[in-house]
Amino acid sequence: MLKEFYRGLPKDRAKLESEEHGFAFLERLLTDGVTLEYGELTSSGLVHKYKLANIPERRMDDLLFAHVEKVCNVCLYFDVSANDTFCFNLDNNHKVNSSAIIPETEAVVRELGGHLRGLGCEPLIVASGRGYHLWGRLEAAVANERLFDFMLRSAATALAAIHRQGHDHHQIKFSFYPDLRVHHVVSLRLFGSRHVKNKVFSRVLGPQGLLDETASWEFFADYLKNRTIALARFQTAHNSLLDLK
Amino acid sequence: MKTIAVDLDDVLNNFTETLQQTPFLRDETYALSEEVFQDYLAKVRGGWTESGSLLSTEYSFFRYKIHRRCYERAQARPDGVSFMHWLRQNRWRIAICTYRDLRRAQDCTRKWLADNEIPFDYLFMTGHKIAFCKAWGIEHLIDDEAVNITLGERFGVRVYYPAEKRRPAPPANPVETLCAARAFQTFDEIKAWIQE
């Protein structure tokens with residue numbers, strides 16, 4: 001399912017999040033032509049991140065299997081020109097207690113989810129460590145410029161709505177994937193991950209609230225099968241945003 | 001294999017000098033007025049940090065952009081470059097270990113290293129260099145950060161720092177181990193120390 005959902009994302013590169021570290025581990029990781037662009041020791045416990053390149057298909061299969069088994073997290077990068085998935089990354093923008101779901105996050109995920117559903121572009125909303133990821137999956141790839149413009153206008157609509165409700169939009173941080181400016185440097189954790197900071201499974205936000213792990217996988221399967229966005233629908237949705245004055 | 005971790009900014013390069021002396025000019029990509037640009041620039045040069053509660057702000061983005069330009073423009077220390085070649089010739093494993101955000105700065109960092117013909121094996125970013133060295137079994141760290149200079153020995157990491165970096169004040173708590181880090185005038189001095 002993961003390979004099908006994320007079919008359009010390049011599979012020859014990834015960021016791996018793991019508690020495993022040390023040069024013996026790294027040398028095992030960097031076989032079959034796999035190369036390390038850089039490594040990172042995060043401030044979230046003793047979690048290491050490895051930006052890998054030149055990953056052969058078989059090794060990516062192994063990594064995805066390890067991801068599902070929760071041995072590690074796999075994060076993928078977006079294609080540099082066009083993608084059939086897009087994602088709003090909504091984070092708590094505070095230095096402390098950044099894992100907390102603050103009222104502004106709740107408000108904006110409600111507004112943005114409603115906005116996208118109103119456009120016929122149902123999002124898959126997944127809890128992340130500091131907020132939510134709102135994924136959209138399209139039946140075919142769309143140019144990054146158009147995806148970015150769609151996301152920018154949609155986010156602005158949601159932020160304007162919470163501003164009118166009296167919330168401070170500076171309390172939250174939006175990132176867009178793919179982002180024209182940094183598409184080659186930022187990656188996103190795939191569904192099924194366990195967040196490095198709070199170790200919590202990436203639960204799906206359903207109509208009645210956050211689902212448990214089993215129900216999240218069922219929701220994910222159903223989304224993949226029934227809620228992939230038709231290209232014509234996406235184009236109509238984007239055009240309607242362009243018409244806003 | 002013998003392994004050493006080496007910092008970049010104000011160790012292999014002259015980052016602070018570059019930050020203070022480069023005449024940064026405002027352009028439209030900053031999306032700031034001249035007044036705000038100059039105010040922010042003075043704050044970056046002064047090492048000012050925001051006291052607010054937010055992670056990402058207009059100022060933090062500006063600071064990254066200025067720092068990135070310093071990463072690109074900074075000059076390599078000739079004795080540092082020679083030392084890195086000596087490490088390579090003597091079969092040391094070299095880990096570049098930096099606070100830089102390599103998600104955004106990897107490309108310019110690799111280009112700078114290549115342009116200056118500095119050999120290395122791996123690039124790592126971390127805000128916790130002593131913890132990184134401890135976790136990865138690295139006994140030697142060349143770094144200029146006061147906390148690393150002070151605490152390295154306590155965690156089994158031998159730290160070497162540029163002499164122009166003022167030695168940190170002794171710890172207030174007498175239980176703390178004495179700072180055993182060594183200051184170097186030139187990188188050549190480190191060769192003997194890491195072979196002891």
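# Chains A and B: questions and answers

Reader: Let's start right after helix H4 of chain B: which residue there has a positive phi?
Author: The residue that comes after H4(B) has its phi near 60°. Helices and strands here are DSSP runs, H or I over at least four residues for helices and E over at least two for strands, numbered from the N terminus. The one with the positive phi is B:Arg91.

Reader: And what pLDDT do local features need?
Author: Some bookkeeping first: residues count from 1 along each chain as its sequence is written, while chains are lettered from A and ligands numbered from 1 in the order in which they are written. This is a predicted model, where totals for chains, interfaces and linings use all residues, side-chain atom pairs count only at pLDDT 80 or more, and local features need pLDDT of at least 70.

Reader: Back to H4(B): what does it reach from its first C-alpha to its last?
Author: The helix covers residues 78–89 of chain B, twelve residues. The expected span is 1.5 Å times one less than the number of residues. That gives 16 Å for H4(B), and the model comes close to it, at 17 Å.

Reader: How are the buried residues of H4(B) arranged around its axis?
Author: B:Gly80, B:Phe83, B:Met84 and B:Leu87 are buried (20 or more other C-beta atoms within 10 Å of the residue's own; exposed is 12 or fewer, partly exposed is in between, and C-beta atoms are placed from the backbone). Over on the other side of the helix, B:Pro78 and B:Gln89 are exposed. Taking the directions from the helix axis to the C-beta atoms, the buried residues fall within an arc of 100°, so they line one face of the helix.

Reader: Which elements of chain B do those buried residues pack against?
Author: Two strands and a helix of chain B meet the buried residues of H4(B). They are strand S1 (3–6), strand S2 (93–98) and helix H8 (188–193).

Reader: Now the contact between the chains: which element gives the largest share of the side of chain B that touches chain A?
Author: The contact takes 20 residues from chain B and 20 from chain A, a contact being two residues whose C-beta atoms, placed from the backbone, lie within 7 Å. Helix H5 (102–115), strand S3 (122–126) and helix H6 (129–136) of chain B each supply at least two residues. With five residues, the largest share comes from S3(B).

Reader: How does the side of chain B that touches chain A divide by class?
Author: Ala, Val, Leu, Ile, Met, Phe, Trp, Tyr, Cys and Pro count as nonpolar, Asp, Glu, Lys and Arg as charged, and the others, Gly among them, as polar. On that basis, the side of chain B that touches chain A has eleven nonpolar, seven polar and two charged residues.

Reader: Which residue of S3(B) stands opposite A:Gly39?
Author: Strand S2 of chain A (residues 35–41) runs parallel to S3(B), and three bridges join them. Strands pair if DSSP finds at least two bridges between them. The residue opposite A:Gly39 is B:Phe124.

Reader: Which residue of S3(A) is the bridge partner of A:Leu36?
Author: S2(A) and S3(A) pair antiparallel over six bridges, and S1(A) and S3(A) pair antiparallel over five. S3(A), residues 48–53, is mostly covered, with five of its six residues buried. A:Ala14 has A:Leu52 as its bridge partner in S3(A). For A:Leu36, the partner is A:Leu52.

Reader: Which residue takes a positive phi in the hairpin of S2(A) and S3(A)?
Author: This hairpin has six residues between the strands. The positive phi is near 70°, and the residue that takes it is A:Gly45.

Reader: How far apart are the C-alpha centres of the domains of chain A?
Author: The assignment, automatic or from a database, gives domain 1 (2–77) and domain 2 (82–242). Contact between them involves 19 residues of domain 1 and 16 residues of domain 2. Their C-alpha centres are apart by 23 Å.

Reader: How about chain B: what separates the C-alpha centres of its domains?
Author: Here domain 1 comes in two pieces (3–13 + 75–193), and domain 2 is 15–73. Eight residues of domain 1 of chain B are in contact with five residues of domain 2 of chain B. Between the C-alpha centres lie 25 Å.

Reader: Last one: in S7(A), which residue is the bridge partner of A:Ile125?
Author: Both faces of S6(A), residues 124–127, are covered: A:Leu124 and A:Val126 are buried on one side, A:Ile125 and A:Ala127 on the other. Four bridges join S6(A) to S7(A) (residues 131–143), running antiparallel, and a hairpin connects these strands through three residues. The partner of A:Ile125 is A:Leu134.
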